[in-house]
Amino acid sequence: MLYILLGEDDFSRRQALEEIKRGIGDQTLLAANTTTLDGREVTLNRLRTVCDVVPFLAEKRLVIVERLLERFESKGKSSRQKKTTPLPGQQDEYKSLGAYISRIPDSTILVLIDDRVRSDNPLLRELSAKAEVKSFPLLRNAGLHRWIKQRVTQEGGRISTDAVELLAELVGSNLWIMANEIDKLVLFTSGRRI
């Protein structure tokens, strides 16, 4: 199974990764069957070696590769550039990686995690049809307001619309800080409306 988690909202990306982990099975064996790799440096042989390992006393193993897609982003920032053109040597590399990742063993769950990746990224194009791709852009305006309300409710609290707007204005889109502030407010109000 292949997952691609993209976007600048690292809080939601991390929650999605935790959800994938919970779905794998026995959490006590997960640590022994999880490998995290730096995608900026990983080679095809290293990835193959890690993914082809049989899980230890479990049905599945988890391989997390951070920032692999970033390697194949075009360096040019010109708006006239219509297509990402891999550098010489990168074309073979992304095709080799794409071919291998498409046929990883069924016992391996591979998760690729990246921040901002353009839709014309060659490796992303190669893998997107074979993967479950989830996008996590930074939340703003109505999306951020909805998230605040959901988080407060999830934590067992209630919040006014004015408080939602004030929190969004003061804290912004950093959901790590926002979640922390909401947790403190729910605890402080102890059942009263924020």
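This passage describes the nonpolar cores of a predicted model, one residue of strand β3 and a pair of helices. Residues are numbered from 1 along each chain as its sequence is written, and side-chain values rest on heavy atoms, without hydrogens or water. Local features need pLDDT of at least 70 and side-chain atom pairs pLDDT 80 or more, whereas totals for chains, interfaces and linings use all residues.

The largest nonpolar core (buried Ala, Val, Leu, Ile, Met, Phe, Trp, Tyr and Cys residues joined through side-chain atoms within 4.5 Å) comprises 25 residues, and Ile-4, Leu-47, Val-65, Leu-68 and Leu-110 have the most contacts inside it. At least two residues of this core come from each of β1 (2-6), α3 (44-51), β3, α4 (90-101), β4 (108-114) and α5 (122-127). The largest share, four residues, is that of α4. A second, separate core of 16 residues includes Leu-144, Ile-182, Val-186 and Ile-194.

Ile-64 lies in strand β3 (residues 61-66), strands being DSSP runs of E of at least two residues and helices runs of H or I of at least four, numbered from the N terminus. Ile-64 has a relative accessible area of 3% and is therefore buried (under 20%, 1.4 Å probe, protein chains only). Leu-112 is 48 residues from Ile-64 in sequence, yet their C-alpha atoms are 6.1 Å apart.

The axes of helices α6 (residues 141-154) and α8 (residues 175-189) come within 10 Å and cross at roughly 40°, the axes being lines fitted to C-alpha atoms over the stretch in contact, with angles from 0 to 180 degrees between N-to-C directions. Residues meeting across this pair include Trp-147 in α6 and Met-178 in α8.

Note on methods: Buried < 20%, exposed > 50% of the residue type's maximum accessible area, 1.4 Å probe, protein only. Contact = heavy atoms within 4.5 Å.
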